[in-house]
Every structure is written in C-alpha cells, then in structure tokens.
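Grab a pencil and work through these exercises one at a time. Try each task on your own before you read the solution below it.

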Amino acid sequence: MVKLFKEDKNQLICFQDLDNIISKIEKNMWIHLVAPSTDELKEISKIVKINEEVLIGLLDDEESARLDLDDDFTLIVLDIPVLIDNYYETYPFAIIYNNDYYLTICKKDIKLVDLMMKKFKKIEPHKHVRLTLQIMYRISSNYISSLKILDSRRNEIEKKVRDAMTNNELLDLMTINKSLVYFSTSLNANKVVLNKLKRLNEYKRYEDDFDLMEDVEVENNQAIEMCTIYRDILSGMMDAFASIISNNLNSVMKALAIITLIISIPTLIASLFGMNVKVPFGTNSNGFYIIIGISAIIAIIGGVLLYVYTSKRNYNKKRKK
C-alpha cells in the first residue's frame with residue numbers, strides 16, 4: 001500500500017487508493033509504504049534515487065534499529081509494537097530521506113499517521129528533521145499505550161488465577177512476558193538511535209526541534225521504566241501464581257481423599273456382612289436397613305472426626321505464622 005502526504009495551505013492532504021499513485025509522487029512529499037510489493041519499490045527507487053536493494057532490505061523482520069548516514073540519504077530504523085494474535089511483537093519501521101523526498105517503510109500498518117494527527121496540529125513533510133522527531137515521539141507513545149493494555153490484561157488474569165487449577169492463566173502470563181521482552185529490547189535499541197541523533201548538527205539547528213527531541217527522550221525513557229516495572233511485577237506474579245495453582249490443586253485432592261475414606265467405611269461393612277458366614281441381623285427381616293443405618297452413622301462420625309482434625313491442623317499452622 002502506498003500513501004502520499006502533501007502539505008497544502010497548512011493542511012496535510014493524503015492521497016491513497018488511486019490508480020497509478022506512484023506517478024503522482026512529487027518533491028517534498030511524504031511517501032508512506034506499508035508492506036509494498038517489489039515492483040512498487042522498484043518504481044519508487046527510480047523516482048527518489050535511492051538504491052532499490054536498500055529499500056527491499058528494510059522489509060526484513062529481523063532488521064535491527066540503527067542510524068546510517070550515507071552521502072545521498074539518511075536512514076533511521078526503529079522498532080514499533082504491533083498487536084498479533086493477542087500479544088505484541090516488534091517490527092522494524094524505516095525512515096529514509098534525502099534533500100527532496102521523505103519515505104517511511106513498514107511491513108505492518110499501525111495507523112501511525114492517524115495517531116500523529118491526533119497529537120500534532122501541524123505536520124510538515126518538507127521539514128524532515130521535525131517530521132522524524134514527531135514520528136519517534138508517536139512511536140514511544142504507542143509503546144506506553146501498549147504497555148498499559150498489557151498491564152490491564154495482567155490484572156484481569158490476576159483476578160482469575162486465584163481460583164485457577166489449570167495452567168491456562170500461567171500460559172497467558174508467559175505470553176505477556178514474551179511481549180515485554182520484545183518491548184524491552186526494542187525500546188533500548190530505539191534509545192541508542194535517539195542518542196546518536198542528538199549528536200547530529202541538523203537535529204540541533206532549531207530550538208523547537210531540540211525541545212521535541214527532549215520530549216521524545218522523556219517519552220522513550222518513561223516507556224523503558226514502565227516496561228522494567230511490569231516485567232519485575234510479572235516475574236513475581238508468575239512464581240506466586242504457580243504456588244497458588246499448586247495449593248488449589250492440593251486442596252481439591254485433600255477433599256477427594258476425605259470423601260474416599262468416608263465412602264470406604266460403608267464399603268468395608270457391606271463386604272464383611274456379605275460373607276457367606278453367620279452374621280448379626282442375618283435372620284432379621286429389617287437387617288439390611290439396620291446395617292445401612294449403622295454404616296451411615298459410622299461414616300458420618302468418621303467424616304466429622306476428619307473435618308475437626310484437618311480444621312485443627314490448619315488453625316495451629318495459622319497460629320504459628
């Protein structure tokens with residue numbers, strides 16, 4: 001997908017879903033590519049005069065965050081969070097520009113432009129440094145929003161796991177932890193890129209750009225701190241919840257063992273009276289009902305004794321604590 005953004009009378013105009021849209025590319029446009037085809041990259045490469053292999057390589061999922069300064073262009077690769085099947089992964093988001101054109105390339109659509117327009121009143125594609133910082137700010141904010149979603153999901157699982165006896169909740173927590181690992185690695189890589197940009201003269205030229213750079217740094221650092229805190233909390237929760245699940249299962253097994261013992265009492269009595277020998281009440285017409293009554297009374301007494309015994313042990317354990 002190819003989107004073109006052009007500033008006209010202080011407004012950002014978007015061109016998309018047009019026939020032969022690549023032919024409408026002009027200088028000082030923002031060219032936004034989402035999962036572009038090889039043919040689209042070839043055509044755009046000729047227009048913007050950037051090597052085709054460079055553009056194709058930016059679609060690699062394993063592309064790492066970095067800053068490359070070439071004689072003909074500046075390349076910035078950042079990691080962005082993407083929601084996939086109920087958990088987050090990170091994908092490379094490439095910014096590449098020269099004197100005349102500004103390109104962004106990503107394999108996944110995260111509605112970045114829509115998010116940017118909610119935050120910034122004015123987006124000027126011809127101001128490459130300013131636009132780069134605005135994109136970096138929005139990406140850092142997106143991390144914070146995603147982290148809040150993950151933490152909210154963790155709280156929901158926490159409420160369920162107290163009575164859980166299966167591993168489903170633990171598996172969900174492991175999925176969240178996997179997302180946090182991706183986030184932690186990517187945020188630190190983005191921070192390295194940001195520190196390199198701070199040393200470039202073109203990013204120090206205007207005071208407004210420098211202020212925006214500081215905002216980006218604050219936002220990125222906040223995301224890193226949140227990610228670290230959530231990972232520490234999650235790590236402790238997973239250990240605690242594993243113990244809770246084990247304890248819940250032990251309580252169920254304990255109850256089943258007591259029930260088994262109680263049921264075994266009537267079974268034993270019935271077995272003894274069922275032997276082919278002389279037994280009490282053998283000649284009594286109501287003998288069957290008498291034996292059933294005796295079995296029930298003994299089973300009830302046994303159940304009460306077991307309940308009192310286990311309750312007393314639990315009470316003594318609590319007093320020791």
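**Exercise 1. Find the helix that holds N142, decide whether N142 is buried or exposed, and list its contacts.**

Step 1: N142 sits in helix α4. Helices here are DSSP runs (H or I, at least four residues), just as strands are (E, at least two), and they are numbered from the N terminus.

Step 2: Look at the relative accessible area of N142, which is 15%, so N142 is buried. The cut-offs are under 20% for buried, over 50% for exposed, and partly exposed in between (1.4 Å probe, protein chains only).

Step 3: Leaving out residues up to four places away in sequence, N142 touches P81, I110 and L115. A contact means heavy atoms within 4.5 Å.

Step 4: Now check V82, which is 60 residues from N142 along the chain; their C-alpha atoms are separated by 9.5 Å.

A quick word on what you're looking at: this is a predicted model, where local features need pLDDT of at least 70 and side-chain atom pairs count only at pLDDT 80 or more, while totals for chains, interfaces and linings use all residues. Residues are numbered from 1 along each chain as its sequence is written, and side-chain values use heavy atoms, with hydrogens and water left out.

**Exercise 2. Do the same for H128.**

Step 1: H128 belongs to helix α4, which covers residues 128-161.

Step 2: Its relative accessible area is 10%, so H128 is buried.

Step 3: Not counting residues up to four places away in sequence, H128 touches Y97, N98, N99, D100, Y101 and Y102.

**Exercise 3. Work out how many salt bridges the whole structure has, then look at the pairs R130 with D209 and K198 with E217.**

Step 1: Side chains of opposite charge can pair when their charged atoms come close. To count as a salt bridge, a side-chain nitrogen of Lys or Arg must lie within 4 Å of a carboxyl oxygen of Asp or Glu.

Step 2: Searching the whole structure gives ten salt bridges.

Step 3: One of them joins R130 and D209, with the closest N and O atoms 2.4 Å apart. This pair links distant parts of the chain, since R130 is in helix α4 and D209 is in helix α6, 79 residues apart. D209 has 4% relative accessibility, so D209 counts as buried.

Step 4: K198 pairs with E217, and here the closest N and O atoms are 3.1 Å apart. Again distant parts of the chain are linked: K198 is in helix α5 (residues 168-198), E217 is in helix α6, and they are 19 residues apart. K198 has a relative accessible area of 29%, so K198 is partly exposed.

**Exercise 4. Find out which residues share a salt-bridge network with R66.**

Step 1: Salt bridges with shared partners join E63, R66 and D68 into one network.

Step 2: Zoom in on R66 and E63, whose closest N and O atoms are 2.2 Å apart.

Step 3: Compare their accessibility: R66 is at 23%, so R66 counts as partly exposed, whereas E63 is at 16%, so E63 counts as buried.

**Exercise 5. Place M253 and D211 in their helix and say how accessible each one is.**

Step 1: M253 is in helix α6. D211 is in helix α6 too, which spans residues 207-273.

Step 2: M253 counts as partly exposed because its relative accessibility is 49%. D211 counts as partly exposed because its relative accessibility is 33%.
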